[in-house]
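Some words used for protein structures sound simple but rest on exact cut-offs. Please look at the structure below and ask why each word applies.

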Amino acid sequence: MQLTAEQLQKVESLIDQMTLKEKIGQMNLASMSIVGGFDVSFEEMIEMVTDGRISKEKFGEMLATSEKDYHESEIRDGLVGAFMSDDPKLSNRLQKIAVEESRLGIPLLFGFDVIHGFRSVYPIAIAEAGTFDTELMEKTAAMAAKESRCSGVNWHFAPMLDVARDARWGRVSEGAGEDPFLTSEFARAKIKGLQNNQEELTDYVAACMKHYVAYSASEGGRDYNTTNMAVSQLYNTYLPPFKAAVEEGAASAMASFNDINGIPATVNAFTLRRILKESYGLNGFVVSDANAIRECVVHGIAEDDMDAGIQAANAGLDMDMGTEIYLHNLEQAVSAGKVTVSVIDEAVRRVLSVKMWLGLFEHPYVTENSMDRFRTIPVEHKELARESAVKSIVLLKNEHETLPLNPSQKVLVVGSLAENKEEIIGAWAMSWKQEDCVTILDALTEQGISYHYHAVCGPDGELDKEQLTAAMQTASESDVILAVVGESVSMSGEAASKADISIPGHQKELLKAMKETGTPVVAVLMNGRPLALAWEEENLDAILESWHLGIEMGHAVTKVLYGEYNPSGKLTATFPTMSGQCPVYYNHPNTGRPGSKSKFTSKYLDAGFDPLFPFGFGLSYTTFAYSDFTVTQKLDRMVYEVTVCNTGNRSGEETVQFYVRDITASIVRPVKELKGFQKISLEPGECRTIQFELEKANMGFYNDEGAYLLENGAFQFFAGGSSAQVLMQELRVEF
Ligand code: GLC
């Protein structure tokens, strides 16, 4: 996000004209769901008072407030800087008050959670990152920016950049998985897609990278839980995607709910000021997560609202989402000398800079024809959503070439996820329409595939015994069973941590019954997190990981099932054999006793050491062989070279992955770290020699002082089709 000298000058002259009250107004994100209207239920409000999330006064005020209070008087007084809305008419109405009725006419920002698509919802991030196609990731973000800006949304609470290593945490669905490098590449693509198409005002938005920082390290994978780690771990694992996003010009960041080593991210001057603003150079602003300033009282780091507000402002938190603590306390805090005007001015400068960069001062409103632009989804948006969906699918098992299917086969479909439009979208998609959604059954019907269907059961609720009996009967007359099983959308995302991540409900019972019939069973998984699939891997003929793919779910799954597209997706997060293996991830330290079959090594008596499916894993309908792997040391880089051959009988895409290991260093380093990837297409019998150059400058690591170290010594270099299937070379490296 870069401003011209003229724009910077305008920002400064505005600040000079603003009263302290008006400045604090820019630091206030009013949101109905927490404060103003009745988007929260009465019971939730009672709960919020009891656990201190809202004060008694606020509770009274909320009760007194008319339904759907839009803070219109506060906007008119210049006391609101941003609002949450995806309704263009509401946004224009509130914008009109801000621009034409307030003293200085400063336009509002309109933020919204657009995490994986607005109207044309594409796959959840854990899936889309598995395409290992950064151009595609950028295009889908650009599509979401276009569609949402025409609905008045000019600020996305995205991308979510939490590196997640514990699949019990429901929000693994929202990020790009367990690897810092892949998540950093995802970050770059998303920031560019959201922010860089500035030729047209309606084609770009301000990104808000989140959740800053280390929220995904919540102890036990339990959402909102405490996080504790060495500072070197923070730098080496959780910060890199945010550093990458700032390098691409991210316009804002959202501080996370969790405390980091005892200091909540919302009031953490070390992560907010020292690292994000001073060291990384964020020139936009930082907003709190919903209600998080008030929750600092609940954390036990602040005495009361005033104390929480003072700590947050001084720590570098520029905007308050939803509590109005800044609005009601900062003026007094300044008079008491607890917060300086320069702290306020810095926050306001950052907020106004984003508004200036968005062109809101010249064009604050959504035009009528913009609103109509995406009343129906353009074909190219559907095609892009479908491309992302198809490429996100991961083939986990395919015994006896059960897949691809042949249209002449008699198919039995079981599992209610096959028909349920609500369940294909994935967590954090709010602006989609039923009419755009294609389920697996819709697509099978559309393609004229003759099939029988018995829902039998879903991720929750009861198993229909009559339907099960009927399904078993039909199974015996079918060539193949498609069991569409997994999680409902509500089982992943925020506040959706699970202690047991095996396939939920009665679905395993259904799978076992289908297995008993002796007809080949293909599990089509629809889920938002890695699942513990030991029994399934052992007993089913094929397993297709198809996640929550968005509106084009059905088309994508059937294209892969019937071989129209050869699956190319790879896992971005490790799948455990059992829930108890979590957290489990590929880029772990070696320990002094690496897990193995011998007793006194690091493993579980009942789950061993190895996970079920590793990071980077994904099969194809063809096969690939790797050979002739060499690594050459140049002055400033290492040059990998490997030959990849398509040894099967159909064309296919392979993501060649490049890893490194620093064998001995001044702190223990992971056994592998992804440093690059290339996705290639090969015809049957075709071989290609791939080259990858790793700059030596990218082979270092941070220590506890945040110093980046490059240490001479022996390194291992890897190339392969997953983190577990690699060729290796070892060299001594001099920096
Ligand atoms: C939520 C989430 C955050 C989201 C925000 C606004 O609590 O943590 O990801 O952007 O509130 O909806």
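The questions and answers that follow set values against definitions.

This is a predicted model, in which local features need pLDDT of at least 70 and side-chain atom pairs count only at pLDDT 80 or more, while totals for chains, interfaces and linings use all residues. Residues are numbered from 1 along each chain as its sequence is written, and side-chain values use heavy atoms, with hydrogens and water left out.

Q: Why is the contact between Lys23 and Asp345 called a salt bridge?
A: A salt bridge is a side-chain nitrogen of Lys or Arg within 4 Å of a carboxyl oxygen of Asp or Glu. The closest N and O atoms of Lys23 and Asp345 are 2.8 Å apart, so the pair fits that definition.

Q: What makes this pair a tie between separate parts of the chain?
A: Lys23 lies in helix 2 (residues 20-25) and Asp345 in helix 16 (residues 341-357), so the salt bridge ties together parts that are 322 residues apart in sequence. Helices here are DSSP runs of H or I with at least four residues, and strands are runs of E with at least two, both numbered from the N terminus.

Q: How do you know whether Lys23 is buried or exposed?
A: Buried means under 20% relative accessible area, exposed over 50%, and partly exposed in between, using a 1.4 Å probe and protein chains only. Lys23 has a relative accessible area of 9%, and therefore counts as buried. Asp345 is also buried, because its relative accessibility is 14%.

Q: What is the class of Phe735, buried, exposed or partly exposed?
A: Phe735 has a relative accessible area of 33%, so the residue is partly exposed. Its place is in the segment after strand 25 (726-733).

Q: Why do Glu487 and Arg529 count as a salt bridge, and how do you know whether they are buried or exposed?
A: The closest N and O atoms of Glu487 and Arg529 are 2.7 Å apart, and the pair forms a salt bridge. Glu487 is buried because its relative accessible area is 0%, and Arg529 counts as buried because its relative accessibility is 0%.

Q: Which salt bridge joins Lys89, and are its two residues buried or exposed?
A: The side chains of Lys89 and Glu368 meet in a salt bridge at 4.0 Å, N to O. Both Lys89 and Glu368 are exposed.
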